[in-house]
Structures are given as C-alpha cells and as structure tokens.
Amino acid sequence: MGRSNAGKSTCINTLCQQRQLAYASKTPGRTQHINMFSLGKQGATDLILCDLPGYGYAAVDKVSKARWQQVMANYLVSRPQLKAVVMLADSRHGLTELDESLLDVIRSRVQAGLEFVVLLTKADKLNKTESAKALSIARLQTAGGDVQLFSALKRIGIEEAALRLFGWRQEPVASN
Ligand SMILES: Nc1nc2c(ncn2[C@@H]2O[C@H](COP(=O)(O)OP(=O)(O)O)[C@@H](O)[C@H]2O)c(=O)[nH]1
Ligand SMILES: [Mg+2]
C-alpha cells in the first residue's frame with residue numbers, strides 16, 4: 001500500500017519480473033481496485049501480492065476518497081489471510097500524514113504479529129546522504145520498524161525486498 005504514484009505497481013512488476021502485470025501509470029489515482037497476483041505454480045501458490053488502491057491523490061472527489069479509505073481500512077483490519085503489509089513511500093517525501101494514519105490502522109495487528117516493512121521507493125533520485133537521512137527518519141516514524149531503500153529503475157533493494165517477502169510466505173502444508 002502507499003500513496004498514489006508511490007511506485008506500488010512498478011514494484012510488483014519488478015519483483016515478479018513482469019513488464020505489465022500490475023498496471024503502472026503516469027496518471028495518479030488509476031488503481032481503484034484491490035488487485036491480487038498469485039505467485040508460484042498453478043494450484044501451489046507460494047504467495048499472493050495485493051496492489052491496494054493508492055491514496056492521497058488530490059483530484060479525487062471527497063465521496064470516492066472516503067469510500068476508498070473505508071475499503072482499505074476494512075481490508076487491513078479484517079482480512080484474516082493478511083500475512084504482511086508492505087508500505088511504499090517515495091523516498092523524496094518519506095512517510096506522510098496519510099501514511100501515518102494507515103500505520104495507526106494496522107498498529108495493533110503488527111503488534112499481534114503481522115509482518116511489516118516500508119520500502120522507500122525511487123531511491124535512484126537520492127544521493128547517499130539523502131538516502132541515509134530518509135532511512136533514519138522513516139525508522140523513527142515506524143518506531144524502529146523495518147525500512148529499506150528501493151528503486152525499480154536503478155535496481156536498488158530488489159533482492160532484499162524479494163528475500164524478505166519470500167521469507168514471509170506461508171509454509172506449504174505437508175501432505176502424505
Ligand atoms: N525514478 C523512478 N521512477 C519510478 C520508480 N518506480 C516507479 N517510478 C515511476 O513513478 C510513477 C508511478 O509509478 P506506479 O508504479 O504507477 O505507482 P503506483 O501509483 O503507486 O502504482 C511512474 O511514472 C513510474 O514510472 C523508480 O524506481 N524510479
Ligand atoms: Mg498502481
């Protein structure tokens with residue numbers, strides 16, 4: 001999840017080594033549904049990635065905004081299958097107020113064991129000093145939570161993110 005234009009769809013495409021699995025757009029606010037991508041062999045899913053609707057796009061009317069927020073909050077609070085939340089934020093802006101309010105929504109689930117990581121996207125736009133600063137601010141905002149840099153363009157943090165997600169996959173149920 002993340003603000004519209006944070007790089008969610010691009011991240012999913014990159015992790016899945018697909019060009020257009022998730023629709024990346026130059027027009028913010030395009031993804032209005034919860035799109036789910038099943039990874040692994042047919043009938044033996046390793047994990048499912050969900051591209052949540054982006055939030056924070058100014059040009060969206062109030063009613064739609066409120067509806068999306070409700071859909072998101074319901075999903076995050078009550079979806080029992082949810083194993084992990086990946087929050088994406090543009091590394092140049094860091095976590096905004098809207099991101100922090102969503103952190104509040106999932107806080108009790110994270111305390112109860114829901115995995116959580118922040119990807120600071122488009123890290124190719126930052127130099128070393130700016131990257132270090134963005135990381136430490138985001139870590140403070142998440143109270144020492146997992147935060148990493150990510151860039152689909154310059155391929156920063158892709159392996160780190162992929163390994164993290166793969167480590168969180170549901171162990172296959174043994175059958176005999
Ligand atoms: N420089 C740079 N731009 C990126 C990167 N990832 C995504 N973008 C651009 O950011 C915009 C929004 O990306 P998108 O994946 O559609 O964001 P979403 O709205 O969160 O799904 C697009 O123009 C992407 O090309 C990146 O790693 N580096
Ligand atoms: Mg998208």
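1. In this predicted model, D90 has T121 of β4 as its bridge partner. The two strands concerned, β3 and β4, run parallel and are joined by seven bridges. Strand β3 covers residues 84–90, and β4 covers residues 115–121.

2. The pairing continues from β4 to β5, again in parallel fashion, through four bridges. Here L120 is the residue that stands opposite L149 in β5. The chain passes from β4 to β5 by way of helix α4, residues 128–141, and the resulting β-α-β crossover is right-handed.

3. Taken together, these strands form an open sheet of three, in the order β3-β4-β5, with parallel pairing. Since β3 and β5 each have a single partner strand, they stand at the edges, and one side of each is therefore left without a neighbour in the sheet. From one strand to the next, the twist averages 25°.

4. Strand β5, residues 146–149, presents two faces. V147 and L149 make up the covered face, whereas D146 and Q148 make up the uncovered one. L149 of the covered face is also the residue opposite L120.

5. The geometry of α4 can be checked against its length. Its 14 residues, at 1.5 Å a residue, should span 20 Å, and the end C-alpha atoms do lie 20 Å apart, which agrees. Just after this helix, A143 adopts a positive phi of about 55°.

6. Is Q20 buried or exposed? Q20 has 8 C-beta neighbours inside 10 Å and therefore counts as exposed, the limit for that class being 12 or fewer. Q20 is placed in the loop between α1, residues 8–15, and β1, residues 35–41. Its C-alpha atom is separated by 29 Å from that of L114, a residue 94 positions away along the chain.

7. As to overall architecture, the protein chain contains five helices and five strands. Read from the N terminus, the elements follow the order α-β-β-α-β-α-β-α-β-α. The radius of gyration is 16 Å, close to the 16 Å given by the globule rule for 176 residues, so the chain is as compact as a globular protein of that length. The C-alpha trace spans about 50 × 40 × 35 Å along its principal axes.

8. Two further figures describe the packing of the chain. Of its 176 residues, 26% count as buried. Among contacts between residues at least 6 apart in sequence, 64% join residues at least 24 apart.

Methods. Residues numbered from 1 in each chain as written. Chains lettered and ligands numbered in written order. Predicted model: local features only at pLDDT ≥ 70, side-chain atom pairs only at ≥ 80, totals over all residues. Buried ≥ 20, exposed ≤ 12 C-beta atoms within 10 Å, placed from the backbone. Pairing = 2+ DSSP bridges. Right-handed = clockwise from strand over helix to strand, strands pointing away. Axes fitted to C-alpha atoms, helices over the stretch in contact; angles between N-to-C directions. Expected span 1.5 Å × (residues − 1). Rg over C-alpha atoms; globule rule 2.2 N^0.38 Å. Contact = placed C-beta atoms within 7 Å.
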